[in-house]
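Let us take a friendly walk through this structure. Please have the sequence and the 3D view open as you read.

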Amino acid sequence: MSRRPSAFSALIAIDKPAGLTSHDVVSRVRRAVGEKRVGHAGTLDPAATGVLVVGVGQATKLLGLLTLDRKGYRATFALGAQTTTDDAEGEVIATADVPDELLDPVRAARELSRLVGACDQVPPRFSAVSVGGRRAYDAARAGEELELKARRVTIHGADLVGVDAERRTWTVDLDVSKGTYVRSIARDLGKSLGCLAHVRDLRRTFSGPVTLEDCLSLDELAERGAELVHERALDPAATLDLPLRELSVDEIPDVMCGRRIPAGIVRDASGARETSHGERVALVFGGGLAGVWRCEGRRLVCESNFPQAIEGVR
């Protein structure tokens, strides 16, 4: 049975509130815009807030193409305790004294600066990492131990925002590679300092090129629905970080059928230029993204087509 056409297709950014899962956000967006085909990229824990990229209609096909290689967070690290989940949602399983010297902003900033660079990180026991087809959090809830392998991640930046000596917390801004767990950063930092630590609050400030300024609130969306999406849709080509290849009216039939078309001229931040061999480009027409194609020699070949163009190209 064929899927009915979507009323529209767009990428949007939602400022996820605390207490909702990423799937809860998808359900709320579905109701607000009257569209069943909705998905998200880059899961946020229920307790976390901030940038969550959501695809509506054909834009759900874009979610697997988005790299969003770097993500930003503002996190509050609570010193002196380790929890089962490495955040404030879990039970405290160990405590330790916090020396006064660790509540000195100069010392805190110095310790954070040492985090910058590549490292091997073991995900939290309560995480969506899959081992042998089973989610780590399912095993953890069942009281089972899964062997979680370390993964290579990069911390591009770790800056101190402030220290609250009374609450024994550090607030930090982090710029990390895709797949990095902030909870693991807090856990490992606490162990290395000998005082233990966990994440008390977490807010994603950017995901790739998408920032909090791009975000809609769920309340706004519930009030204005699709009208707001049309006004505030993300530029899909810019979010993919691809150069633009404008289509002519005559090329539309070939593109719809996936037939090769001339490579032509593309536009990016540097201006107009020829397409490079192997380069992926965004095919655009009338303010919509019609496809993501790849250059082979002097022709473009189809990788992904969007018969119902994804709106928002600027």
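A good place to begin is Arg-260, which forms a salt bridge with Glu-296, the closest N and O atoms being 3.3 Å apart. A salt bridge here is a side-chain nitrogen of Lys or Arg within 4 Å of a carboxyl oxygen of Asp or Glu. Arg-260 sits in the loop between α8 (252-257) and β16 (261-262), while Glu-296 belongs to strand β20 (residues 288-296), so the pair ties together parts that are 36 residues apart in sequence. Helices (H or I, at least four residues) and strands (E, at least two) are DSSP runs, numbered from the N terminus.

Before going further, a word on the model: it is predicted, so local features need pLDDT of at least 70 and side-chain atom pairs count only at pLDDT 80 or more, whereas totals for chains, interfaces and linings use all residues. Residues are numbered from 1 along each chain as its sequence is written, and side-chain values use heavy atoms, with hydrogens and water left out.

Back to our pair. How accessible are its two members? Arg-260 counts as partly exposed, at 46% relative accessibility, and Glu-296 is also partly exposed, at 28%. The cut-offs are these: buried means under 20% relative accessible area, exposed over 50%, and partly exposed in between (1.4 Å probe, protein chains only). The pair also has company, for Arg-260, Arg-280, Arg-294, Glu-296 and Glu-303 are linked in a network of salt bridges.

The structure holds 21 salt bridges, and two others are worth a visit. The side chains of Glu-251 and Arg-245 meet at 2.8 Å, N to O. Both ends of this one are enclosed: Glu-251 is buried, with a relative accessible area of 14%, and Arg-245 is buried too, at 5%. Arg-107 forms a salt bridge with Glu-101, with the closest N and O atoms 3.1 Å apart. Here Glu-101 counts as partly exposed, at 48% relative accessibility.

Now step back to see the whole chain. There are eight helices and 21 strands in it. Along its principal axes, the C-alpha trace spans about 70 × 40 × 40 Å. Of the 314 residues, 47% count as buried.

One strand to pick out is β4 (residues 70-79). Eight of its 10 residues are buried, so β4 is largely enclosed by the rest of the structure. Which strands does β4 pair with? Nine bridges join β4 to strand β11 (residues 169-177), and the two run antiparallel. β4 also pairs with strand β12 (residues 197-207) in the antiparallel sense, over nine bridges. Two strands count as paired if DSSP finds at least two bridges between them. To trace these pairings residue by residue, find Arg-70, whose bridge partner in β11 is Ser-177, and then Leu-79, whose partner in β12 is Ala-197. In a regular strand the side chains alternate between the two faces of the sheet.

Next come two aspartates with an unusual entry in their backbone angles. Asp-86 has a positive phi of about 65° although it is not a glycine, and Asp-241 has a positive phi of about 60°, again without being a glycine. Asp-86 lies in the loop between β5 (81-83) and β6 (92-95), and Asp-241 in the loop between α7 (236-240) and β15 (244-246). Are they buried or exposed? Asp-86 is buried, with a relative accessible area of 4%, whereas Asp-241 is exposed, at 66%.

Our last stop is the second largest pocket, with a volume of about 180 Å³. On a 1 Å grid over the protein atoms alone, a pocket is an open set of points where a 1.4 Å probe fits, with protein on both sides within 12 Å along at least five of seven lines; lining residues have an atom within 4 Å of a point. Grid points are joined across faces, edges and corners, and a volume is the space filled by probe spheres set on the points. The pocket is lined by 14 residues, of which Leu-115, Cys-119, Ile-155, Ile-185 and Asp-188 lie nearest its centre. The elements that give two or more residues to this lining are β7 (117-121) and α4 (182-193).

Cys-119 counts as partly exposed, at 26% relative accessibility.
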